[in-house]
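Colleague: I would like a close look at a single part of this model. Please take one strand and work outward from there.

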Amino acid sequence: MRRQIGGDARAGNATTIPVGDVTQNAITAGQAYHWFAGEPAHTEIARVLRPGGFFVPIWNVRDESVPWVAELSEVFDGHRARSVIDERHLTPDQFGPLFAAADLRLFHWSTTHTADSLVELIRSRSFYLVSDAGTRAALERRVRELASRTFGEQERFDLPYVTYTYRAAKV
């Protein structure tokens, strides 16, 4: 991937960020934050941030306040417990004593789908990828049935999301 990006792409991870001490104004993290090693990652992020710099983890979550989306999430994720880190319910002190209390901001948006593109979306999930052929077929069928029951003959429809954005200043 670094070859494709070119430029100054460096090898690193949340506990070994390849930049100098107090050199960064902000560090962002997408959905992968749930893989971070907690306190060691927060300490490393604080090491590279300037005083007053921000750590900003961001998640895009299907808007399950919409009934059909909640049902879709059951199809997509019903087979497993929610991850240990629930982005919808982080505490203000989630990032530890090196950071001020985190502020949360929500952004609502949507993406246009068809029944076929929803099936493609479920095909990208790890649960789907490791399942046997019968389970995969059942998941695809459930997605198509949900789309048909919800949208009938309507070919395109919006899948609503909420982006959860936390912002915590280094103290």
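What follows is a request about one strand and a connected reply.

Colleague: Take strand 4 (residues 157–169): is this strand mostly covered or mostly open? Which strands pair with strand 4, and in which sense? Then go on to tryptophan 68, glutamate 44 and the second largest pocket.

Modeller: A caution to start: this is a predicted model. Strand 4 spans residues 157–169 and is mostly covered. Of its 13 residues, 11 are buried.

Now the pairing. Strand 3, residues 103–113, joins strand 4 over 11 bridges. The sense is antiparallel. One pair to look at is threonine 111, whose bridge partner in strand 4 is leucine 159. Strand 2, residues 49–62, also runs antiparallel to strand 4. Here 7 bridges join the two. Phenylalanine 54 stands opposite alanine 169 of strand 4.

Leucine 159 leads on to a helix residue. Tryptophan 68 is in contact with Leu159, and also with Phe157, Asp158 and Pro160. Strand 4 covers residues 157–169, so these four contacts of tryptophan 68 fall within its span. Beyond them, tryptophan 68 touches Leu118, Leu146, Thr150 and Phe151. This list leaves aside neighbours within four places in sequence. Tryptophan 68 sits in helix 3, residues 67–77. Its relative accessible area is 11%, so tryptophan 68 is buried; the cut-off is under 20%. Glutamine 31 lies 37 residues from tryptophan 68 in sequence. In space, the two are 23 Å apart, C-alpha to C-alpha.

Next, glutamate 44. This residue belongs to helix 2, residues 39–48. Glutamate 44 counts as buried because its relative accessibility is 11%. Its side chain reaches the backbone nitrogen of isoleucine 17 at 2.8 Å. Leaving aside neighbours within four places in sequence, glutamate 44 is in contact with Ala14, Thr15, Thr16 and Ile17.

Isoleucine 17 takes us to the second largest pocket. Ile17 is among the lining residues that lie nearest the centre of that pocket. The others named there are Gly12, Asn13, Pro18 and Ile27. In total, 13 residues line the second largest pocket. Its volume is about 310 Å³. The lining divides into 9 nonpolar, 3 polar and 1 charged. Strand 1, residues 24–29, gives the largest share of that lining, with 3 residues.

How values were computed:
Residues are numbered from 1 along each chain as its sequence is written. This is a predicted model: local features need pLDDT of at least 70, side-chain atom pairs count only at pLDDT 80 or more; totals for chains, interfaces and linings use all residues. Side-chain values use heavy atoms; hydrogens and water are left out. Buried means under 20% relative accessible area, exposed over 50%, partly exposed in between (1.4 Å probe, protein chains only). A polar contact is a pair of N or O atoms within 3.5 Å; within protein, one must be able to donate a hydrogen and the other to accept it, and residues adjacent in sequence count only if both atoms are side-chain atoms. Contact means heavy atoms within 4.5 Å. On a 1 Å grid over the protein atoms alone, a cavity is a set of points where a 1.4 Å probe fits but cannot get out, and a pocket is an open set with protein on both sides within 12 Å along at least five of seven lines; lining residues have an atom within 4 Å of a point. Grid points are joined across faces, edges and corners, and a volume is the space filled by probe spheres set on the points. Ala, Val, Leu, Ile, Met, Phe, Trp, Tyr, Cys and Pro count as nonpolar, Asp, Glu, Lys and Arg as charged, and the others, Gly among them, as polar. Two strands pair if DSSP finds at least two bridges between them.
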